[in-house]
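I sat down with this one to see what lines its main opening and how its helices pack. My notes follow, in the order I looked things up.

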Amino acid sequence: MEKVGLSAQHEHRYPHEFSGGQRQRVGIARALAVEPDLIIADEAVSALDLSVQAQILNLLQDIKGEHGLSYLFIAHDLAVIEHVSDRIAVHVSGPDCRTGKCGTICISSRATPYTEALLNAVPVPDPGHPRPAALSGEIPSPVHPPSGCYFHPRCPYAQAICQQQSPPLTDVGPNHLSACHFHEQVGRFRIR
């Protein structure tokens, strides 16, 4: 309990007596109890306010170094992912659409349209900063996925080939793969 920032007195509390951040700490403590090599964290901080998010992310980084852990960290917020990750794989309900080292994914203009949308969704603490247009269209059904590229019904770059062929995973730079027919054009709709 102490490793995750809780005291011994927390041991006898009921779940409803913990804050959201404390509940995350309890979850981390439970995961550490079995001495894992890998922790899978699915949207581990998405329901927390920013200050508590930062505390939990820093705690996860400290624990990673102290215990030699690996994380499979699943989230929609690329700012969070960038903080905790060495490598990133961006998925759109299926095979990899983009993989690479953290800085390459978050900085490179050679993205996929879905990565571009995720990057545009990262909040900027400036009220004058332009807001990106939301993606249009419906999210495709994973049970009945569209033909070709899974993202084409919502993609601002989509052309006829996107409806017909799934894009191959292509090497677009050192340790950086991308699956988009038009990865060289991606960046036109990027706000940052």
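**Pocket first**

I started with the pocket lining: β2 (70-74), α3 (78-84), β3 (87-91) and α5 (113-121) each give at least two residues to the lining of the largest pocket. For the labels, helices (H or I, at least four residues) and strands (E, at least two) are DSSP runs, numbered from the N terminus. This is a predicted model, where local features need pLDDT of at least 70, side-chain atom pairs count only at pLDDT 80 or more, and totals for chains, interfaces and linings use all residues. Residues are numbered from 1 along each chain as its sequence is written, and side-chain values use heavy atoms, with hydrogens and water left out.

I looked up the volume of the largest pocket next, and it comes to about 490 Å³. Its lining has 22 residues, and F73, I74, A75, I81 and A89 are the closest to the centre. A pocket here is an open set of points on a 1 Å grid over the protein atoms alone, where a 1.4 Å probe fits, with protein on both sides within 12 Å along at least five of seven lines; lining residues have an atom within 4 Å of a point. The volume is the space filled by probe spheres set on the points, which are joined across faces, edges and corners.

I then sorted the lining by class and got 13 nonpolar, 4 polar and 5 charged residues. Ala, Val, Leu, Ile, Met, Phe, Trp, Tyr, Cys and Pro go in as nonpolar, Asp, Glu, Lys and Arg as charged, and the others, Gly among them, as polar.

**F73 and A44**

I picked F73 for a closer look; it sits in strand β2. F73 is buried at a relative accessible area of 11% (buried means under 20%, exposed over 50%, partly exposed in between, with a 1.4 Å probe and protein chains only). Leaving out residues up to four places away in sequence, F73 touches A41, A44, L57, L60, V80, I81 and V84 (contact means heavy atoms within 4.5 Å). F73 and A41 are 32 residues apart in sequence, yet their C-alpha atoms are 4.9 Å apart.

I followed the contact to A44, in the loop between β1 and α2. A44 is buried too, with a relative accessible area of 15%. Beyond four places in sequence, A44 touches Q24 and F73. The C-alpha atoms of A44 and Q24 are 7.4 Å apart, with their positions 20 residues apart along the chain.

**Helices**

Which residues of α1 are buried? I found G21, Q22, R25, I28, A29 and L32. They span an arc of only 115° around the axis, so they sit on the same side of α1 (the arc is that of the directions from the helix axis to the C-beta atoms). β1 (38-42) and α2 (50-67) are among what covers them.

I did the same for α2, whose buried residues are V52, Q53, I56, L57, L59, L60 and I63. Their arc down the axis of α2 is within 160°, so they line one face of the helix. L50, D62, G65 and E66 are exposed on the other side of α2. The cover over the buried residues of α2 includes α1, β2 and α3. Within that buried set I checked Q53, which has a relative accessible area of 11%. Q53 touches V45, S46, L48 and V80, again skipping residues up to four places away.

α5 came out mostly covered, with 8 of its 9 residues buried.

**Backbone oddities**

I scanned for positive phi. E35, in the loop between α1 and β1, has a phi of about 50° although it is not a glycine. At 69% relative accessibility, E35 is exposed. E43 also has a positive phi, near 50°, and lies in the loop between β1 and α2. E43 is partly exposed at 26%. Just after α2, G68 has a positive phi of about 65°.

**Whole chain**

I ended with the totals: 6 helices and 6 strands, running α-β-α-β-α-β-β-α-α-α-β-β along the sequence. Of 192 residues, 38% count as buried. Among contacts between residues at least 6 apart in sequence, 50% join residues at least 24 apart.
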